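Please walk me through this model, taking its sheets and then its helix contacts in turn.

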Amino acid sequence: MREPYVYPQYEARISADELHWRATGEALRRPVVIVGAGPVGLSLALDCAARGLAVVLLDDNNSVSIGSRAVCYAKRTLEIWSRLGLAEDLVAQGVSWRLGRVFHGEGLAYEFDLLPQAVHEQPAMINLQQYHLEERLVAACMAEPRIDLRWKHKLLALAEEAGDASEEGGPLRLRIESPAGEFELLADWLLACDGASSDVRRMVGAEFSGKAFQDRFLIADVHIPEALGFPTERRFWFDPPFHPGQSVLLHRQSRNIWRIDFQLGWQADSEQARQPENVQRLVRAMLGPDVPFELEWVSVYQFACRRIDRFRHGRVLFAGDAAHQVSPFGARGANSGVQDADNLAWKLAAVLQGCAPEALLDSYHGERAAAADDNLRQSTRSTDFITPKTATSLQLRNAVLELARREPLARPLVNSGRLSMPTAYRDSPLNTADVPGAFEAGPAPGEPVPDAPVNRAGQASWLLRELHRAGAGFVLLSFGAVAATGVPAECHALVVGEDLIDAEGLLAARLNARPGTVYLIRPDQVVAARWRTFDAAAVAQALDRALARSPAASTAPAVAPASAALKREPNLQDPDGFYEHLIAAQSDLDEGQAQRFLAKLSLILANQIGDSALLREAIELAREPESPTLTSNESAP
């Protein structure tokens, strides 16, 4: 008999801050307070502590999240957790995968490989239930003396205090409810990681804009004691025979739990849909009559693609779902939230430790709002493909799926969720631009450093491990010796060929390096600058820029609100942009207008082909009958 997961119940204690308040009426002052002990808040607390900051972490619950929730964690997120000493355990506990397959009806329409390049320490993705992830993060936080994790502590209100002459602004006065009653605490910085329904966002009056979607989806976590016969990969079905007219997503999780997402349609009754007998009927139709299974967790959800207009509100900074929300297709929610934490922690530490002005924190908004906009755009495109909103867009979606079975040109247009990838901060004011023509490839300023195998002191290792081993600050990575007197005190120098041995040549290849090449790498393992030859003055200037100590980097670039970002003109060189533009061009056409539009478009494209054999082949493909089950979809009004 299977033993179900037992949710831990953590002890809620009275803190020294609360005891002091009750004895004296005086609120003690803490440098960093984080609200929300989910994956983002826990990761942020660990990252701050690793950089020498003392953290108070508040959560109004005393357990981990109920249900699997966030399931997929990407390579970049695993690299962040590796730096925090967690990835090895999480990868061992989770299910690693790299391949995805998209099915249309009973046939394969498209497949992809998230990590076609070999030799990386971390896998492309792992699947792990959120409660397992949180339990490991909580254990790490409770073992860290710099983190004071307080369960059953709810933030009730906040207000800004007057500061003294040496401060740009006063601390925040927090009103907190604990099991023993209410008390007050002062915080220099408040980091809001309290989720999609963020109380902190409401308290500061932060705007939240974007787009809500009406379609409903059912999550079923299903325990299957026997092997399903499916390999460990992501599987997505459009219009499968076991759930006609809708879509289904399947992921394997740890301990024989399988996550299944069933599209329900706009008109579905959420209460009826989550009834055990109705969920069992859907699962039984998918698995067949002879596969035993047991339901572990069921939920019905709708989602939105939106974000906060400013990630920083004075001494309050937002991260994770409190700052942005996306659809679950693409695993962009928790992954982007952990990457928020990765971006924020080193900047906050630099400010609190006197290495950078507060202006550095403005770049947190500039960089992570741009990343959020990228995630929102990708997530919205995926949702528009999965749940077409008009009859014309449904026809175009179905045509893509039909063609994808035979035609490679259609396969990149199939969009069942573009999986999470790190966003490059190409427009960040912290970057020092390349000398024109100096680099043909490799990570440009604003991009994360790719990992590669190296040797150090005769031991096999990895570049990202060695960057972390170098310390919590900036690293100057050089392919050849540099003058020690020219390296700024805030940088740790690593020399390829001396400190690190690139035995396989992969490091040089991935960084487009040759003898003399130098990279300045930020504490979050993002490239700040790179050169073909070492120049001490150039390195010092780039370091000042990366820490917002120079005028050029003191102001973050303007980032439009989420609503504006979603309306931006698509890039027609990008397959998703191409598809998005076709949908937009037909969005306000009636059926007759749509037919005329497609007829004119066919004539224009046929005229551009210039190859009679190719044109005849295209006509024959277009004449093939549509699959009969594709003529209706509850998602289209």
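The paragraphs below begin with confidence, go on to two sheets, and end with three helix pairs.

This is a predicted model. The mean pLDDT of the protein chain is 89, and 93% of the residues reach 70 or more. An exception to the high values is the stretch 627–637, where pLDDT stays under 50. For these residues the model has 32 contacts beyond four places in sequence. Where pLDDT is low, the predicted coordinates should not be read in detail.

Consider the seven-stranded sheet, which is open and has the order β6-β5-β14-β15-β16-β13-β17. Its pairing is mixed. The edges are taken by β6 (107–113) and β17 (294–301), each of which pairs on one side only. With direction ignored, neighbouring strands of this sheet are turned by 15° against each other on average. At the β17 edge, strand β13 (residues 216–223) is joined to β17 by seven bridges, and the two strands run antiparallel. Within that pairing, L218 has V300 of β17 as its bridge partner. Helix α10 packs on this sheet and touches β13, β14 (234–238), β15 (247–252) and β16 (257–265). The direction of α10 makes about 45° with that of β14.

Another open sheet has three strands in the order β12-β18-β21, with antiparallel pairing. Strands β12 (208–212) and β21 (324–325) stand at the edges with a single partner strand each, so one side of each is left without a neighbour in the sheet. Two bridges hold the antiparallel pairing of β18 (residues 304–308) with β21. Here R306 stands opposite Q325 in β21. Helix α10 (residues 359–386) packs on this sheet too, touching β12, β18 and β21. Its direction makes about 170° with that of β18. Helix α10 thus has contacts with strands of the seven-stranded sheet and with strands of the three-stranded one.

Which helices does α10 pack against, and at what angles? One is α9 (residues 333–352), which packs with α10 at an angle of about 170°, the axes being 9 Å apart. An angle over 145 degrees counts as roughly antiparallel, and α9 and α10 are therefore roughly antiparallel to each other. On the α9 side the contact involves S336, Q339, D340, N343, L344, W346, K347, L348, A350 and V351. These meet L360, L361, S363, Y364, E367, R368 and N375 in α10. By class, the residues of this contact divide into eight nonpolar, five polar and four charged.

Helix α16 (residues 575–586) is another partner: its axis and that of α10 come within 11 Å and cross at roughly 55°. The two helices are therefore oblique to each other, and the crossing of α10 and α16 is left-handed. Q378, R381 and F385 of α10 make the contact with D576, G577, Y579 and E580 of α16. In this contact of α10 with α16 there are two nonpolar, two polar and three charged residues.

The remaining pair does not involve α10. Helix α2 (residues 39–50) packs with helix α5 (residues 130–142) at an angle of about 25°, and their axes are 10 Å apart. That angle makes α2 roughly parallel to α5. The crossing of α2 and α5 is left-handed. From α2 the contact takes P39, L42, S43, A45 and L46, and from α5 it takes Q130, L133, E134, L137, V138, A140 and C141. The residues of the contact of α2 with α5 comprise nine nonpolar, two polar and one charged.

How values were computed. Residues are numbered from 1 along each chain as its sequence is written. This is a predicted model: local features need pLDDT of at least 70, side-chain atom pairs count only at pLDDT 80 or more; totals for chains, interfaces and linings use all residues. Side-chain values use heavy atoms; hydrogens and water are left out. Two strands pair if DSSP finds at least two bridges between them. Helices (H or I, at least four residues) and strands (E, at least two) are DSSP runs, numbered from the N terminus. Contact means heavy atoms within 4.5 Å. Axes are lines fitted to C-alpha atoms, for helices over the stretch in contact, and angles run from 0 to 180 degrees between N-to-C directions. Angles under 35 degrees count as roughly parallel, over 145 as roughly antiparallel, 65 to 115 as roughly perpendicular and the rest as oblique. Ala, Val, Leu, Ile, Met, Phe, Trp, Tyr, Cys and Pro count as nonpolar, Asp, Glu, Lys and Arg as charged, and the others, Gly among them, as polar. pLDDT is the predictor's confidence in each residue, from 0 to 100. A crossing is left-handed if the near helix is turned anticlockwise from the far one by less than a right angle, and right-handed if clockwise.
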